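Grab a pen and work through the exercises below with the model open beside you. Try each task before reading its solution.

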Amino acid sequence: MSMPASATAAGSAVRLGSLAWALGDIVPIESILDDAAPADLLDRLVKNGFRACSVADEPATKLGARSVAATLACDGIDASEVDAVIYSSGSFGRDESAAPVPETRRRWAVRDAVTIDVLEPNGLLNCPLFGGIWLAGSGNLACIWRLARSLVLVHGYRTVLCVTADAIPRGRTQYRAMRDGIAVLGDGAASCIVSSDGPGPFVLEGVGQTASPRLSGLGSRHALQKRVEIMSGIRTAAKRLYETTATDADAYRWLVTNNYASSTRNEFAQIVGIGTERAYEGSVARVGHALAADPLINLGELEAASPLDPDQRVLLLATGPLTWGASGVRKIRSDALIQQARP
Amino acid sequence: MVTIRHPSVHVADSAGTGAVNDVIGLAAAAIREVLAQADIAPSDPSILVIAASGEPAGRDPAELAVENSFADRLVRELVWETGLLNAVPILVGLLGEPVLTTGVLTAHGLLMAERLGHAMVVVINLGEPGAVGAAAFLICAGDGDGLLIRHLDVITPRSDDHAHDRPEESASTDAIIGLRATLLGANEQELKAHRMSSPAPDAGLVELLLRSRDPIVQGVLETMQTINETTMALGDRAVLIEGSAFGLGGVMLERLQQ
């Protein structure tokens, strides 16, 4: 299939594709509520759109490995073609049941886990690894994409494999159902290829990202101030995206966000100027909030369920506690494979 | 052009435990010193790249995953309390060397790709192996002063170097010679004959290789102390190489103005 003229003209555009993700078991949210949960929490979560969430019986690195394998399989990419791997996570615990780490490599537990679980089984040991990008929390996808874009545009990398993987440590059920009902934390990984000349099906047109470090100094009694900062940060991130890509809210067919309560998603849509009818509900009910993997999963599910037409755009919000990113992608072809890794 | 400006290094008096408490304070001090030397407003840099080598000592990784206390401290003490209020903090690290090169590569790429002016890079060595300490410096786009980044490279050793029973230092030695050859445009076999202690065959280069016990792993902070705007003369070049069995990085710098 020939590419549309706009894609051909953007010969140096940054391609995005080979979307894949890996999840744990999908369990009803009733099963992850701890004894100390408020009596009305279940009702509030259901009202906010949550029905189930992904609970993995494996560490984040194993989820990442399955997602990476699925990404490589999407377009038949050989591991030797990958020039760099960017690995992002806020979950650095290692599965106690995993094989012992050899003495010569025991210095870096994080590095060991990523190397042994993710790189080695996928034949990626010869790739430079940019890893541990985690200060943005659930907004890590924006950090990854900024770095991947710069590697392609500035440093001449052709194929960059991006992966984000998070899992709540076992036995931490009290952290899954957030008391304010805004999210149910799930486990998940997602991955994609950012490249100079890959098949797409998207172009990564730009990423606007902002942060409010002052939030790190605010406690729970500053809830209103925090909320104002967050909304302001999201608005600024979207504004930067619009400015750098010469677009506006009307240019985007869909808004994709992290998996928060429906009211939060609609609020985000209003802030970035996109009608709530264009805010994609995505995998909220089935997966829960799989931290930084959400936007990539939702973009993949959107494309699988209702493929975009060429030249249609999606705005992806990747939002953490104090860092917010707005990324713009444009469809350039319509025959791409998108897949969820099998357990 | 992209330059490194005002490197500042703070190393703890004694290496050892308590790395997190020590090193974040040292990194904050280095950032403040850079800002003062550069005479720029703290609000100027829009990126803070934190390149942390190794992992926070004495912390349970599972606790880190949930509470992000280390992340909270990095943001609060390195961004908020130093006044870098417009900076987006990005942590690239916790994975061992080549941490400095990765940090420079990240900041350099973001500046050029997004047409930004200044980035602050802070390199943190959390301890084992090597000294506890931190270096900070500015990376500036379009400046005609400072240390010009002429070449950057991050490579990985061959996959068989990752063999579990091979000491990383010996695995690195072969690969680092290959990297030096790439950076210097030199003959790899010739460099192998000279090994680590010999001067580079290119007489125009001032090669500041590392003087500590473990020259490959431990020398980053020491090298940053050595490579600065007072010890390098106009036109001098320096090659900074760091690495382990997992990856190697090299930066070639050239002094632009006195």
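**Exercise 1. Find the element that holds A:Pro201, then check the peptide bond before it.**

Solution. Start with the place: in this predicted model, A:Pro201 belongs to strand 8 (residues 201–211) of chain A. Now step back to A:Gly200 and look at the bond joining it to A:Pro201: omega is about 25°, and the bond is cis. Worth a pause, since most peptide bonds are trans.

**Exercise 2. Work out where A:Ala246 and A:Leu291 lie, and decide whether each is buried or exposed.**

Solution. Take A:Ala246 to begin with. Its phi is near 55°, a positive value in a residue other than glycine. A:Ala246 sits in the loop between helix 6 and strand 9 of chain A. Its relative accessibility is 72%, and the cut-off for exposed is over 50%, so A:Ala246 counts as exposed.

Next, A:Leu291. Here too phi is positive, about 50°, although the residue is not a glycine. You'll find A:Leu291 in the loop between helix 8 and helix 9 of chain A. With 14% relative accessibility, A:Leu291 counts as buried, because buried means under 20%.

**Exercise 3. Decide how the rings of A:Phe130 and A:Tyr157 are arranged, then do the same for A:Trp254 and A:Tyr280.**

Solution. You need two numbers per pair: the distance of the centres and the angle of the planes. The structure has 4 aromatic pairs over all chains. For A:Phe130 and A:Tyr157, the centres are 6.4 Å apart and the planes meet at 70°, so this pair is edge-to-face. Look at what gets tied together: A:Phe130 is in strand 5 (residues 129–131) of chain A, while A:Tyr157 is in the loop between helix 5 and strand 6 (159–166), 27 residues apart in sequence. A:Phe130 is buried at 1% relative accessibility, and A:Tyr157 is buried at 12%.

On to A:Trp254 and A:Tyr280: 5.8 Å centre to centre and 75° between the planes, again an edge-to-face pair. This one links strand 9 (residues 252–256) of chain A, home of A:Trp254, to the loop between helix 7 (262–272) and helix 8, where A:Tyr280 lies, 26 residues apart. Both A:Trp254 and A:Tyr280 are buried. One more thing about A:Trp254: the charged end of A:Arg253 sits over its ring, 4.4 Å from the centre.

**Exercise 4. For the salt bridges of A:Arg146, A:Lys239 and A:Glu301, name the partner and say which elements are joined.**

Solution. There are 19 salt bridges over all chains. A:Arg146 pairs with B:Glu114 at 2.7 Å, N to O. That pair crosses between chains, from helix 5 (residues 140–153) of chain A to helix 4 (residues 99–114) of chain B. A:Arg146 is buried at 5% relative accessible area, whereas B:Glu114 is partly exposed at 22%.

The partner of A:Lys239 is A:Glu243, with the closest N and O atoms 3.1 Å apart. Both lie in helix 6 (residues 223–245) of chain A, 4 residues apart, about one turn of the helix.

A:Glu301 bridges to A:Arg286, with 2.2 Å between the closest N and O atoms. Distant parts of the chain are linked here: A:Glu301 is in helix 9 (residues 294–305) and A:Arg286 in helix 8 (residues 284–287) of chain A, 15 residues apart.

Technical notes:
Residues are numbered from 1 along each chain as its sequence is written. Chains are lettered from A and ligands numbered from 1 in the order in which they are written. This is a predicted model: local features need pLDDT of at least 70, side-chain atom pairs count only at pLDDT 80 or more; totals for chains, interfaces and linings use all residues. Side-chain values use heavy atoms; hydrogens and water are left out. A salt bridge is a side-chain nitrogen of Lys or Arg within 4 Å of a carboxyl oxygen of Asp or Glu. Helices (H or I, at least four residues) and strands (E, at least two) are DSSP runs, numbered from the N terminus. Buried means under 20% relative accessible area, exposed over 50%, partly exposed in between (1.4 Å probe, protein chains only). Rings of Phe, Tyr and Trp (its six-membered ring) pair if their centres lie within 6.5 Å; planes under 30 degrees apart count as stacked, over 60 as edge-to-face and the rest as tilted. A charge sits over a ring if NZ of Lys or CZ of Arg is within 6 Å of the ring centre and within 35 degrees of the ring normal.
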